[in-house]
Amino acid sequence: MKIKKSFLPQAKKNEQMALQITSMADIFVIILVFLLKSYSVEGLPYQPSVALNPPAAKGRVEKSDALKVEIAKSAVNLGGKNVATIDGFKFGKNDIDSDGASATLRRALAVSHRTAATGPKGAKLIVVADEGAPYETIKAVLAPAAREGYLEIQLAVSHAE
Amino acid sequence: MKDDHSIVLKSGTFGQISTRIASSDLAAALESLKVKNPELKSAIVIADNSVSYRDVMASMEVAKGKIAQVNLGGF
């Protein structure tokens, strides 16, 4: 009598399974590099070059790097360098033109424009201002920036949880 | 945004509809404006000279919660 072979108990084959992990290891290395890069950006601290306290705001965190103009109570810094001395957030009367723009800052922005990072709309500028600054001072900074072709202006805030 | 912490909301094609509100009522006022004008997609914040940057940013944050695009103006 013939019994179908598949119904008989089969002897266990003494086979060792070899796991090919080379491809998987490659993928993990790529993921690891990607994560390390992401975390280095996440943790990138920004230290203003002059003492100031930006306003707090909730909402999305957008990381961007560009030329920064910092507005503190007694100084305006551009790219970490002092470009204008102000007194209690006030520019000198001779420094403000008829449209409320700072002439000193405009000259500094014109020089920096050549090397400034650009976005889809134009040169990028990040404004980091003290929360106590009056809008008059903010306008004195934004007006010359817009005139000098900084068309992608971002306002930096400290992120409130 | 006014010196006295009030806000004048201007709407309509040429900003001809004007309403003065307290800054604390901004969210509700924008919500009601959005209901009346569902096509409302952008707003410009203009402040008096002495209004602090903190107040400007606070109003912008409230407005951003209701309107897609909020920009600073007046310069």
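Visitor: How many residues does each chain bring to the contact between chain A and chain B?

Guide: In general, the size of an interface is often given as the accessible area lost when the parts come together. Here, read residue counts in a predicted model. Chain A supplies 19 residues and chain B supplies 15 residues.

Visitor: Which element of chain A gives the largest share of the side that touches chain B?

Guide: Helix α3 of chain A, residues 135-147, with 7 residues. By type, the chain A side divides into 12 nonpolar, 3 polar and 4 charged residues.

Visitor: What does α3(A) lie across?

Guide: Helix α3(A) lies across β2, β3, β5 and β6 of chain A. Its angle to β5(A) is about 170 degrees.

Visitor: In what order do the strands of the open sheet in chain A come?

Guide: The order is β4-β3-β2-β5-β6, 5 strands with mixed pairing. Strands β4 (81-85) and β6 (152-155) stand at the edges. Each has a single partner strand, so one side of each lacks a neighbour in the sheet. Neighbouring strands are turned by 20 degrees against each other on average, direction ignored.

Visitor: How many bridges join β5(A) to β6(A)?

Guide: There are 4, and the two strands run parallel. One pairing to look up is A:L125 with A:I153 in β6(A).

Visitor: Where does helix α2 of chain A lie?

Guide: Helix α2(A), residues 103-113, lies across β2, β3 and β4 of chain A, at about 155 degrees to β4(A).

Visitor: Now chain B. Is B:S42 buried or exposed?

Guide: B:S42 is exposed, because its count of other C-beta atoms within 10 Å is 10, and exposed means 12 or fewer. B:S42 sits in strand β3 of chain B, residues 42-45. Beyond its neighbours within four places in sequence, B:S42 contacts B:I67, B:A68 and B:Q69.

Note on methods. Residues numbered from 1 in each chain as written. Chains lettered and ligands numbered in written order. Predicted model: local features only at pLDDT ≥ 70, side-chain atom pairs only at ≥ 80, totals over all residues. Buried ≥ 20, exposed ≤ 12 C-beta atoms within 10 Å, placed from the backbone. Contact = placed C-beta atoms within 7 Å. Nonpolar A, V, L, I, M, F, W, Y, C, P; charged D, E, K, R; others polar. Pairing = 2+ DSSP bridges. Axes fitted to C-alpha atoms, helices over the stretch in contact; angles between N-to-C directions.
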